[in-house]
Amino acid sequence: EIKMNGIKKRWVRNYIIVIFIAMLLIEGSFLVVIRKYYYESIEQNLINRAKISAGFYHKYLNDGTNTFENIAKQIIEDFSYNKYAELQIIDVDGNILLSSNNFGSKEIVNTEDFFHALQGKTLSWRGKNINTSEELMSVSTPLKYGENKVVGVLRYVTSLEKVNEMINRVFIISLLVAGSIIIILLILSMIFSKSIINPINSITIVAKKMAKGQFSERIEKKYNDEIGEVADTLNYMADEIVKGQKLKNDFISSISHELRTPLTSIRGWSETILTGNLEGKEEVKRGLKVIVKETLRLSEMVEELLDFSKIENGKMVLNLEKVNIKNELEEIIHIFKLRALKKGLKVDYICTEDIPMIMGDKNRLRQVFINVFDNAVKFSEEGKAITCKIYVNGKNIYVEIKDEGIGIVEEDLSRIKEKFYKGNIQKPGSGLGLAISDDIIKLHGGSLEIESKIGKGTKVKIVLPV
């Protein structure tokens with residue numbers, strides 16, 4: 001079994017790295033937001049309390065009936081007991097005059113919020129107690145006499161230790177949730193990677209068997225996705241290779257038969273002529289004619305194979321020139337008329353308009369016409385007709401060659417232009433003629449179309465651009 005540990009490890013590792021970074025960013029942002037929310041809530045609460053208390057002070061101090069000390073004591077006495085916050089009354093030198101925790105303290109206040117309060121501003125401060133290292137938050141607001149004279153500072157102080165503990169608990173819970181999510185995603189990623197790796201394993205195993213020539217093997221398509229497409233492609237490739245092998249074997253069998261027949265005739269007549277057992281010159285001529293005919297037949301097969309090789313290697317080059325396609329077609333018709341008449345066939349030619357010149361390879365186009373006419377004559381019976389028509393329509397020239405021959409069965413029609421394909425292996429020829437003709441017409445920028453019905457004949461339509 002082939003293992004894809006490398007892909008799996010990379011997949012899981014990269015997946016986890018991405019998730020971990022994402023979770024880290026989320027957790028960091030979450031911690032910042034939570035801390036900010038709680039701290040701002042506490043700060044706002046203290047500011048509101050400070051302003052309310054300071055408002056009470058201003059109301060009674062400025063009516064002229066109360067002193068600063070009396071009102072300060074009254075504020076402390078009216079302060080609702082709160083174990084989470086301490087209220088302090090501080091003079092302008094930073095001495096704590098009164099406190100809700102104890103009446104007086106030797107501690108000198110020198111925090112930022114206190115100095116801003118002396119300037120008439122209400123501000124918060126967060127820091128650590130020098131003596132206990134406890135994290136604190138305080139809000140200071142000025143106590144004024146008249147409009148501008150600051151006579152003291154009202155300060156609320158609270159510990160942030162409990163809040164920090166709560167924030168830490170929330171953070172730990174969120175970490176546990178994030179860890180659970182990472183574990184779940186890790187499991188899902190492993191399952192997902194397995195759904196990719198296993199089909200790839202199967203494809204690789206079957207592909208190696210195909211590489212060893214076991215083309216009967218097929219890949220099971222499990223998913224209708226890109227991997228499924230790869231499986232379909234490899235299965236299709238195997239089908240085509242099998243098909244190609246069959247065509248190759250059929251071709252070898254056919255070409256062997258095609259070569260054996262003329263070679264046997266050539267050898268037989270050559271040996272007969274050499275032995276001198278012929279009765280006269282006519283018999284010798286007859287033998288030599290057979291030898292020439294079969295030699296030409298062999299030459300045609302060799303030429304077809306050479307053309308096929310050039311096309312397959314992309315080495316077929318057209319010798320382009322201005323071609324009078326009508327004249328070339330008429331010459332081929334004239335040649336095949338004699339052959340058709342000998343077989344009892346009628347050849348009709350229709351051309352009712354002037355045909356423009358085209359840029360093409362004259363010899364290659366003649367090769368196509370010869371191949372099509374040869375098939376028309378070869379597969380037509382005595383008394384039938386072959387009709388050739390040439391005309392212009394738009395920017396194309398059309399050459400239609402229609403016979404009333406045996407026709408082509410429907411299952412062979414779609415493959416008749418494939419190389420080496422012969423619907424009937426016993427039929428003469430290499431199976432390359434139409435394939436080569438189709439390629440030649442394509443090189444001219446045109447197309448070769450074939451229509452046929454069994455028993456009713458075949459029509460070949462050649463389309464060439466003007």
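Visitor: Why is Phe336 called buried?

Guide: Happy to explain! In this predicted model, Phe336 has a relative accessible area of 7%. Buried means under 20%, so Phe336 qualifies.

Visitor: And what makes Phe373 count as buried?

Guide: The reasoning runs the same way: its relative accessibility is 1%, and the cut-off is under 20%, so Phe373 counts as buried.

Visitor: Why is the pair of Phe336 and Phe373 called stacked?

Guide: Two values decide that. The ring centres lie 5.8 Å apart, and a pair needs centres within 6.5 Å. The planes meet at 25 degrees, while stacked asks for under 30 degrees, so the pair is stacked. This pair links distant parts of the chain, with Phe336 in helix α7 and Phe373 in helix α8, 37 residues apart.

Visitor: What makes Tyr391 and Tyr398 a stacked pair?

Guide: Their rings are 5.2 Å centre to centre, with 10 degrees between the planes. The limits are 6.5 Å and 30 degrees, so this aromatic pair is stacked too.

Visitor: How do you know that Cys351 is in no disulfide?

Guide: The nearest cysteine sulfur, that of Cys388, is 9.2 Å away. A disulfide needs sulfur atoms within 2.5 Å, so Cys351 is in none.

Visitor: Why is Cys351 called partly exposed, but Cys388 buried?

Guide: Cys351 has a relative accessible area of 24%, and partly exposed covers what falls between 20% and 50%. Cys388 has 0%, which is under 20%, so Cys388 is buried.

Visitor: What makes Leu25 exposed?

Guide: Its relative accessible area is 57%, and exposed means over 50%, so Leu25 fits.

Notes: Residues are numbered from 1 along each chain as its sequence is written. This is a predicted model: local features need pLDDT of at least 70, side-chain atom pairs count only at pLDDT 80 or more; totals for chains, interfaces and linings use all residues. Side-chain values use heavy atoms; hydrogens and water are left out. Buried means under 20% relative accessible area, exposed over 50%, partly exposed in between (1.4 Å probe, protein chains only). Rings of Phe, Tyr and Trp (its six-membered ring) pair if their centres lie within 6.5 Å; planes under 30 degrees apart count as stacked, over 60 as edge-to-face and the rest as tilted. Helices (H or I, at least four residues) and strands (E, at least two) are DSSP runs, numbered from the N terminus.
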